[in-house]
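Hi,

Here's the structure I said I'd pass along. Have a look at it first, and then read on for my notes.

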Amino acid sequence: MNTGTAYVSYRPVRLGWCVRENNWDDLRRAIRLTTTLWGGRFNPIIPVGRNGALAESLVRLFGVDALFPLADDNVLKDFVASFTWLPWPNFEQSLFIGDDAAFLDIYHPARHLFEQRLKDNSDPTFHLTQFEWNADDPLADLFLSYFGTYPSKDETPRDYDSLVREGLRSQTIKLSPIDEFFELHLRAYTPLRLTRYVLEWHSAPDHANRGIYVGHVNNFEDITNFWNLRAADIELVFYDKTHGKRLEQMKNAFLEEHNDIFPTEGRRFDHAVALWARPEELKDTLPAEIATTPNSKKLDYVMCAITLDTWNDKNVKPSRFNIETPLKSILGTIADDPPVLSFRLPDPPFFPEIEFHHQNAVVRLSNISHYAPDSEDTFETPCVAELNPFYGAKLYYSRRAVRVEPEGIGIITSLTTSNLHIHSLLKRDLIFEIFKLCGMTLELSQPGRIASRLIHQMGGIQGCRVFKIPGVRDLIESVGPQEAFTRTNAICRIGRNDPVTGLPNFGEYENLYVERRDRGPLKPEHAFVFLLKTGVFQVGLSLTCDQCELEFWTPLDELRTDTKCEYCGKHFPITPQLKDRDWRFRRSGLFGKDNHQEGSIPVVVTFQQLDTIHNNGMFITNANINPINAAIEPCETDFVYLHSPTKWWDRRVAIAIGECKTRGGISQDDVRKLGAVADDLDKRGFKTFVLFAKLAPFTPEDVEICRTAQNRRKDRVIMLSDRELEPYFVFERTEKVLELRSSSAIDLHDLAETTNDVYFNPRPKVHG
């Protein structure tokens, strides 16, 4: 039984509150309910109405775990139902099950707070502050979004107001309609602040966009924008010029508090005061007046117009959080065939009493690992939210419970869960499911099965690096499947020996690692021995029958003192022919057929190079692509290669499709069809590349044909010739002859960018 590891942390469930557009009752109810939940401050409010694109963007941006409609409304219900990949974790779509909350509620942070600061009167000065205001106060909804308040006893089965009054020495402050909004109000320990107690950031919050929201307190869009920006953990204060007198002191206090961050010179926009507003409001905003402190100190500012693009995962990046506890690495056992990882969870940071068995939390598993190189199984889960039900069914046997995250998975489970069993995925099934999600089917072709078998025969994808050596490829191609050859002949071909001097031309491959060997450079004979060990060639003898006098070859395993002739069937003794005989070799197994291994060698060499660049990718070889509802034509790809994001600014899963050739040309028709597939995958949210590999130089015609698969940003096509595929470092030969922006690559994006420098806009180096 093997072992595996994973990092474990806990977090609250992140809900998306679906409210009717411009419906203040829904908005207020959402804030009251979210105030009862641990982590409620970071639950977005999603207005559903005319702008469906905005609502969908908010769901995706915040990576919510579930959606809850705030009214019995068909529009809200239809919107929630459209997200089939966010099923409600429980069978009943409710925030309460009996008298118990369905998710971690504020009992847990309140108890932590009590035990750490109030128990035994250790901090008698601390108390929770609950603000009250008149319903007709113009700032009422702004107060609600700042402080939060608890639902009435009739609205929830649990009396949260009494819970905090008794446990946290809650005090009440009444806000008058003429009171100014002091900085004290923002620093008070309020109900909303309690929801974020002992939460720490799984990824760092974005402090570059902190500043002032300029809007109107009676504008529904302004209040929801303000809420959602703060739910992304952007530090903001609200400023309404109409109520400038009441809000001025609070605004100035905020600017003074962050004075060391907001520069006054140098135009450092990454630390300037961000002025957020709707575009129409921004036109009437005078930044110099707003971004000025009481001592007339003018600060740098940057105008942030809130549009649909604000929520596109590039301008605003919501923080992800854990319940404060050290990230723990746990060791589990793996039962093989198929691998199942089982482990005991560490002690949770909440209170798993039996009376809370209805409450759910998220167990986050990241960096799940088990050492199984080139295994067909994986615990890796590319972050494609639409695959949640697939991951749930395959990994956890519950389509409702699993939520994929950038670094792993979250499992929504009861507070009383103490053990988990995670089942592995078949890489092939995962890739098939992704294409199915995009309206296409994948079907492995016969060449694909041969290539997969070839990789297995060579001991894994890195065992295929021996095919980087052109002499090895020459030997395989130059001898027919029935042709026997000597060891000397094989070594000369692998070494590409000079016909005049007889010396090998092997210097570029002396540092290539094929298998463990004694110190010293790699030699052609080392490569040949490795090919024998992996069954590419087999050894035998060429014998002459003493009856029919025809020569035939017999493998070593079938040799006997009394051997049967292949042609006449007569037996004859072979010992007279063994004197001073030379062993003869022939291609065997997959290489014993006259089909060039269905073009597998350029495919596996390409994969070997990609695996060296980014060793966490997964792939399938040679597949037929057919449309289900995608706007594509049936076509064939020599491979599908997939890897998770490596760039912080682009979280899309990367997919490469394309062609691999030995020497032949690139077909314009194939390029057009593959380009259409890439276009469709791009539309579905993937970062797609079209990769062309060739174990020979590309011709000018090839380059122009490949260029047609480029997208408008000119960062989609990857071209790798023998010059890029044969070295260990992909561009180590190329950089000697061409000017490159970067000679290194860690992912497909880097390869595509450098392809522009190599093939589409080459700049030869001038050697003095």
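Below is what turned up on cavities and on cysteines.

One thing to keep in mind: this is a predicted model.

Cavities first. There are 4 of them with a volume of 30 Å³ or more. The largest comes out at about 100 Å³. It has 13 lining residues, and those closest to its centre are Lys647, Ala654, Lys687, Asp747 and His749. If you want to find the spot by secondary structure, look for strand β33 (687-694) and helix α23 (748-760), the elements that each give two or more residues to this lining. As for chemistry, the lining of that largest cavity splits into 5 charged residues, 5 nonpolar and 3 polar, so you may want to look at the charged ones when you open the file.

Now the cysteines. How many disulfides does a search of the whole structure find? The count is 0. The pair to check is Cys545 and Cys565: the closest cysteine sulfur to that of Cys545 sits in Cys565, 3.6 Å away. A disulfide needs the two sulfur atoms within 2.5 Å, so at 3.6 Å the sulfurs of Cys545 and Cys565 are too far apart for a bond. Looked at from the other side, Cys565 is in no disulfide either, and its nearest cysteine sulfur is that of Cys545.

Are these two cysteines buried or exposed? Cys545 is buried, at 1% relative accessible area. Cys565 counts as buried as well, with a relative accessibility of 3%.

That's it from me. Shout if anything is unclear.

Cheers

Conventions. Residues numbered from 1 in each chain as written. Predicted model: local features only at pLDDT ≥ 70, side-chain atom pairs only at ≥ 80, totals over all residues. Heavy atoms only, no water. 1 Å grid on protein atoms, 1.4 Å probe; cavity = no way out; pocket = protein on both sides within 12 Å on 5 of 7 lines; lining within 4 Å. Points joined across faces, edges and corners; volume = space filled by probe spheres on them. Helix = DSSP H or I, 4+ residues; strand = E, 2+ residues; numbered from the N terminus. Nonpolar A, V, L, I, M, F, W, Y, C, P; charged D, E, K, R; others polar. Buried < 20%, exposed > 50% of the residue type's maximum accessible area, 1.4 Å probe, protein only.
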